[in-house]
Amino acid sequence: MESYPHELSGGMRQRVVIAIALVTNPSLLILDEPTTALDVTVQAQILELVKQMTSERGIATMLITHDLSVVADLCSRVYVMYAGRIFEEGYAEDIFDAPKHPYTQGLLKSALGVHQLGNELSTIDGDVPDLTNPPLGCRFHPRCRFATEICGREVPVRTDLGKRHSVACWLLR
């Protein structure tokens with residue numbers, strides 16, 4: 001209680017911030033990259049604490065992260081965003097088991113490649129767009145290997161795939 005933040009480890013600081021957030025008994029807890037730069041053991045402890053506290057108190061949790069292992073462990077619904085737009089949404093098991101958008105597929109391949117010994121790490125070609133001047137049409141089209149002419153002209157509309165799973169991609173229209 002009497003320590004300064006610089007006297008605490010990253011894991012301890014994360015726990016303090018989560019405790020401060022939970023002490024007010026919120027109905028919604030928003031976690032933005034809650035385990036960034038933490039070792040695996042501390043990450044697991046923090047995730048377990050969040051799961052326990054939110055379950056006991058009935059708190060809804062919104063997780064913002066690039067860490068797909070955290071998403072798989074903590075989330076029931078997933079919204080995949082790229083360049084400020086939602087491209088795919090659905091139940092976590094549907095997104096992980098059968099991703100539909102090319103960006104979601106590439107994202108999962110790049111994450112899974114790390115854990116597959118002997119396999120080369122998969123990447124998504126190209127660069128993230130400059131959002132001060134985003135590309136016309138689908139924001140992912142300059143990097144998409146399946147892009148067609150309409151992808152560069154028009155923003156894709158969401159397609160309902162059933163089971164509360166939708167995707168914004170011209171390939172799936």
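Here are four short exercises on this predicted model, each with a worked solution.

**Exercise 1. Overall layout**

Work out how many helices and strands the protein has, and in which order they run.

*Solution.* Start with the tally: there are five helices and six strands. Now walk along from the N terminus, and you read α-β-α-β-α-β-β-α-α-β-β. Next, put a box around the C-alpha atoms; along the principal axes it comes to roughly 60 × 35 × 35 Å. Finally, check the contacts: taking those between residues at least 6 apart in sequence, 48% link residues at least 24 apart.

**Exercise 2. Surface and charge**

Find what share of the protein's residues is buried, and what share of its accessible surface belongs to carbon and sulfur atoms.

*Solution.* First the burial: of the 173 residues, 34% are buried. Then the surface: the accessible area is about 11,100 Å², and carbon and sulfur atoms account for 55% of that. To round things off, look at the charges. The protein carries 16 positive and 21 negative ones, and the mean positions of these two sets lie 7 Å apart.

**Exercise 3. A nonpolar patch**

Identify the residues that form the nonpolar patch on the surface, then decide whether I30 is buried, partly exposed or exposed.

*Solution.* The patch is built from L28, I30, M62 and I64, which together offer about 340 Å² of accessible area. Map these onto the elements: β1 (28-32) and β2 (60-64) each give at least two residues to the patch. Now zoom in on I30, which sits in strand β1. Its relative accessibility is 48%, so I30 counts as partly exposed; the band for that label runs between 20% and 50%.

**Exercise 4. Two buried residues**

For F140 and G11, say where each one sits, why each counts as buried, and what each one touches.

*Solution.* Take F140 to begin with. You'll find F140 in the loop between α5 (102-113) and β5 (158-162). F140 counts as buried because its relative accessibility is 3%, and the cut-off is under 20%. Leaving out residues up to four places away in sequence, F140 touches Y82, F87, H101, P102, Y103 and I124. Pick F87 from that list: F87 and F140 are 53 residues apart along the chain, yet their C-alpha atoms are 9.2 Å apart.

Over to G11, which belongs to helix α1 (residues 10-23). With a relative accessible area of 5%, G11 is buried too. With the same sequence neighbours, up to four places away, left out, G11 touches L38, V42 and I46. As for M53, that residue is 42 positions from G11 in sequence, and the C-alpha to C-alpha distance is 17 Å.

Conventions:
Residues are numbered from 1 along each chain as its sequence is written. This is a predicted model: local features need pLDDT of at least 70, side-chain atom pairs count only at pLDDT 80 or more; totals for chains, interfaces and linings use all residues. Side-chain values use heavy atoms; hydrogens and water are left out. Helices (H or I, at least four residues) and strands (E, at least two) are DSSP runs, numbered from the N terminus. Buried means under 20% relative accessible area, exposed over 50%, partly exposed in between (1.4 Å probe, protein chains only). Contact means heavy atoms within 4.5 Å. Accessible areas come from the Shrake-Rupley method with a 1.4 Å probe; for residues, only the protein chains shown count as cover. Lys and Arg count as positive and Asp and Glu as negative; His and the chain ends are not counted. The place of a charge is taken as NZ of Lys, CZ of Arg, CG of Asp or CD of Glu. Patches are made of residues with over 30% relative accessible area and no salt bridge: like charges are joined within 9 Å, nonpolar side chains (Val, Leu, Ile, Met, Phe, Trp, Tyr) within 5 Å. A salt bridge is a side-chain nitrogen of Lys or Arg within 4 Å of a carboxyl oxygen of Asp or Glu.
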